[in-house]
Amino acid sequence: MVKVTFYTSEQGFARVWVSGHANFAPGGEDIVCSGVSSAVMLTANGITEILGEAAEIQVLENEVGIHLPAQPSPAAVAFMQALHLHLTLLQQQYPKHITVTEV
């Protein structure tokens, strides 16, 4: 199962951590994993490359995290809100394969 945890601050979503595998289908055919991975990388690249934010991106084996700077731009927060919405909708479609929580 893919586990997604969003951490909040006064500005909104400040950090997200994603880990695990969806196990929806064999590797290379898993649309849930692909959807999650693509959304997370779009968010990370949008924040760091398009907006130029000094966000910390951590990529490990089967884990990825995005941590916004202490004073993120409204656009960076909006990227994180969009990621939260997207992954929450995926969770509704595939509840046995992805969980989204907020801390």
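Modeller: Let's start with a yardstick: a residue is buried under 20% relative accessible area, exposed over 50%, and partly exposed in between, using a 1.4 Å probe and protein chains only. This is a predicted model, where local features need pLDDT of at least 70, side-chain atom pairs count only at pLDDT 80 or more, and totals for chains, interfaces and linings use all residues. Residues are numbered from 1 along each chain as its sequence is written, and side-chain values use heavy atoms, with hydrogens and water left out.

Colleague: Why is phenylalanine 79 put in the class it is in, with a relative accessible area of 27%?

Modeller: Its 27% falls between the two cut-offs, so phenylalanine 79 is partly exposed. Phenylalanine 79 sits in helix α2; helices (H or I, at least four residues) and strands (E, at least two) are DSSP runs, numbered from the N terminus.

Colleague: What does phenylalanine 79 touch, not counting residues up to four places away in sequence?

Modeller: Leu42, Thr43, Gly46, Ile47 and Leu51. A contact here means heavy atoms within 4.5 Å. Valine 103, on the other hand, is 24 residues from phenylalanine 79 in sequence and 18 Å from it in space, C-alpha to C-alpha.

Colleague: And histidine 84, what makes it count as buried?

Modeller: Histidine 84 has 14% relative accessibility, which is under the limit, so it counts as buried. Histidine 84 also belongs to helix α2. Beyond its sequence neighbours up to four places away, histidine 84 touches Phe6, Phe13, Val100 and Glu102.

Colleague: How do you know that α2 has a span close to what is expected?

Modeller: The expected span is 1.5 Å times one less than the number of residues. With 20 residues, α2 is expected to span 28 Å, and from first C-alpha to last it reaches 29 Å.

Colleague: Which residues of α2 are buried?

Modeller: Ala76, Val77, Met80, Leu83, His84, Leu87, Thr88 and Leu90. They sit on the same side of α2 because they cover an arc of only 160° around the axis. That arc is taken from the directions running from the helix axis to the C-beta atoms. These buried residues pack against β1, β2, α1, β4 and β5. On the face turned away from them, α2 carries the exposed residues Pro74, Leu85, Gln92 and Gln93.

Colleague: What makes a group of residues a nonpolar core?

Modeller: It has to be a set of buried Ala, Val, Leu, Ile, Met, Phe, Trp, Tyr and Cys residues joined through side-chain atoms within 4.5 Å. In this model the largest such core has 26 residues, and Val4 and Leu87 have the most contacts inside it. Two or more residues come from each of β1 (2-9), β2 (12-19), α1 (31-50), β4 (63-67), α2 (74-93) and β5 (98-102). The biggest share is that of α1, with seven residues. In soluble globular proteins, nonpolar side chains tend to be buried together.

Colleague: Which residues does leucine 87 touch, not counting those up to four places away in sequence?

Modeller: Val4, Phe6, Val36, Ala39, Ile98 and Val100.

Colleague: Why is valine 2 called buried?

Modeller: Valine 2 has just 2% relative accessibility, under the limit, so it counts as buried. Valine 2 is part of strand β1. Leaving out neighbours within four places, its contacts include Val18, Gly20, Cys33 and Ile98. Glycine 20 is 18 residues away in sequence, with C-alpha atoms 4.6 Å apart.

Colleague: How do you know that a space is a pocket and not a cavity?

Modeller: On a 1 Å grid over the protein atoms alone, a cavity is a set of points where a 1.4 Å probe fits but cannot get out, whereas a pocket is an open set with protein on both sides within 12 Å along at least five of seven lines. The largest pocket holds about 230 Å³. For that volume, points are joined across faces, edges and corners, and the space filled by probe spheres set on them is taken. Fifteen residues line it, and Val18, Ser37, Asn62, Glu63 and Val64 are the closest to its centre; a lining residue has an atom within 4 Å of a point. With five residues, α1 gives the most to that lining.

Colleague: Asparagine 62 is one of those; what makes its phi stand out?

Modeller: Phi is near 65° there, a positive value in a residue other than glycine. Asparagine 62 lies in the loop between β3 and β4, and its 37% relative accessibility makes it partly exposed.

Colleague: Why is asparagine 23 called exposed?

Modeller: Its relative accessible area is 58%, over the limit, so asparagine 23 is exposed. It is placed in the loop between β2 and α1, and its phi, near 55°, is positive too.
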